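Me: Could you take a close look at the salt bridges in this structure and walk me through a few of them?

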Amino acid sequence: MVMDPIKNPYSPGAGSQPPELAGRDELREMIRIALERVRAGRPAKSVLMVGLRGAGKTVLLDRIRDDAEASGIQTLRVEAPESRSLPAILAPQLRQALLRLSRNEQAKDLAQRALRGLAGFAKALKVKYQDIEVGFDFEPEPGLADNGDLEHDLQALLEATGAAAKKAGTALAMFVDELQYVEEAELAALITALHRAAQHRLPIVLVGAGLPQLRGRMGEAKSYAERLFDFPEVGPLPPLAARIAIAKPAEDEGVKVNEDALQCIIQKTQGYPYFLQEWGKHTWDTATQSPITLRDVEVASTAAIAALDESFFRVRFDRLTPSEKKYLRAMAEIGPGPHRSGDIAEQLGREVTSLGPTRNQLIAKGMIWSPSHGDTAFTVPMFDEFMRRIMPGDDWKT
Ligand SMILES: Nc1ncnc2c1ncn2[C@@H]1O[C@H](COP(=O)(O)OP(=O)(O)O)[C@@H](O)[C@H]1O
Ligand SMILES: [Mg+2]
């Protein structure tokens with residue numbers, strides 16, 4: 001069996017669906033149950049999946065959304081960017097969902113009412129969130145979601161939307177990726193609105209994903225948030241699942257992977273999904289025939305690391321200021337972490353307090369997070385090794 005590069009099944013890339021979504025069945029099932037409970041008017045918590053970069057949150061979110069759509073649940077999906085407001089990204093998607101609901105005979109009137117609410121919402125909030133751009137299908141209904149106060153208006157809007165979804169016998173699941181980038185006041189409004197909808201048993205639920213700092217950010221926005229949501233962790237794949245992620249797609253193409261080759265990939269990638277895809281891809285391209293051998297993996301590793309350096313790591317590095325790079329390089333000097341702020345400061349010959357602003361910027365950019373008070377960790381797995389590769393030697397100290 002000769003290896004065909006055209007048939008290479010692996011798919012490294014942010015948000016690219018893997019050939020085999022390994023190790024996530026339990027979480028998918030848990031969320032499926034939550035969504036069905038919400039549709040049935042039973043209490044269920046919204047779900048926020050947290051994990052490091054490249055752990056597979058986005059593809060999981062998309063897969064769960066497909067599952068939900070297939071079972072007749074209404075969905076919308078947005079990604080929170082660093083620079084736009086939540087109402088601005090939510091409004092157009094909500095409009096689409098409401099237009100779909102309005103095609104349901106039963107729900108038509110309520111969906112149209114919610115669309116009026118959306119018009120009022122967008123008009124009233126336009127002053128504060130100038131980035132809101134949404135088509136108006138109906139005139140606003142005076143007094144409905146048009147106070148100009150996000151917390152109040154989002155609540156009213158989601159209530160009207162939930163009422164329409166309920167009447168249609170469905171639920172609305174809102175899929176929001178990169179939720180850690182949402183401003184605190186906007187997060188607070190979202191939490192309040194979901195809380196209210198849940199109290200009224202309205203079928204509206206959030207399925208979010210974000211970096212590990214999301215959990216703390218939710219708690220800061222509303223102290224009761226931690227009780228209102230489940231925060232399942234999307235981590236590296238355990239060895240058995242990591243094996244399947246590599247072996248199954250190859251097998252589907254009639255290619256076998258030797259046991260020691262699999263073990264080597266698992267060990268080098270530590271089970272991180274992004275790395276698994278990258279190693280799988282380069283190993284396939286290196287191998288000349290089935291079975292894939294340990295030697296193939298060893299040779300492919302150089303190319304896999306180079307590819308990661310050029311894309312996965314590089315896009316993050318390029319967004320950093322010189323002082324941020326220096327901070328991360330100092331962290332890398334003392335290993336994968338988490339690290340004490342004092343130890344990082346010591347590497348830089350600085351006071352902890354003087355580094356506060358840099359650390360905060362890095363947290364806002366989603367590069368680091370604080371697993372516990374005074375601790376700092378990378379949000380990108382193996383970023384320490386990358387930093388040492390890209391800034392070798394001692395020059396960064398000066
Ligand atoms: N469960 C999984 N099994 C195998 N590969 C996966 C799995 N989850 C994600 N991947 C792969 O990992 C990479 C990163 O996935 P992505 O969802 O973008 O991660 P995140 O959103 O957490 O940064 C993609 O190439 C994807 O195909
Ligand atoms: Mg993602």
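Reply: Here is a tour of some charged pairs and where they sit. This is a predicted model, where local features need pLDDT of at least 70, side-chain atom pairs count only at pLDDT 80 or more, and totals for chains, interfaces and linings use all residues. Residues are numbered from 1 along each chain as its sequence is written, and side-chain values use heavy atoms, with hydrogens and water left out.

Side chains of opposite charge can pair when their charged atoms come close. A salt bridge here is a side-chain nitrogen of Lys or Arg within 4 Å of a carboxyl oxygen of Asp or Glu, and that rule gives 23 of them.

Take arginine 319 and glutamate 82, whose closest N and O atoms are 2.6 Å apart. Arginine 319 sits in the loop between helix 12 and helix 13, and glutamate 82 in the loop between strand 2 and helix 3, so this pair ties together parts 237 residues apart in sequence. (Helices, H or I of at least four residues, and strands, E of at least two, are DSSP runs numbered from the N terminus.) Arginine 319 is partly exposed at 34% relative accessibility; buried means under 20% relative accessible area, exposed over 50%, and partly exposed in between, using a 1.4 Å probe and protein chains only.

Next, aspartate 309 and arginine 389 meet at 2.8 Å, N to O. Aspartate 309 belongs to helix 12 and arginine 389 to helix 16, so they link parts 80 residues apart in sequence. Aspartate 309 is buried at 16%, while arginine 389 is partly exposed at 34%.

Finally, aspartate 384 bridges to arginine 388 at 3.3 Å. Both lie in helix 16, 4 residues apart, about one turn of the helix.

Definitions and conventions
Chains lettered and ligands numbered in written order.
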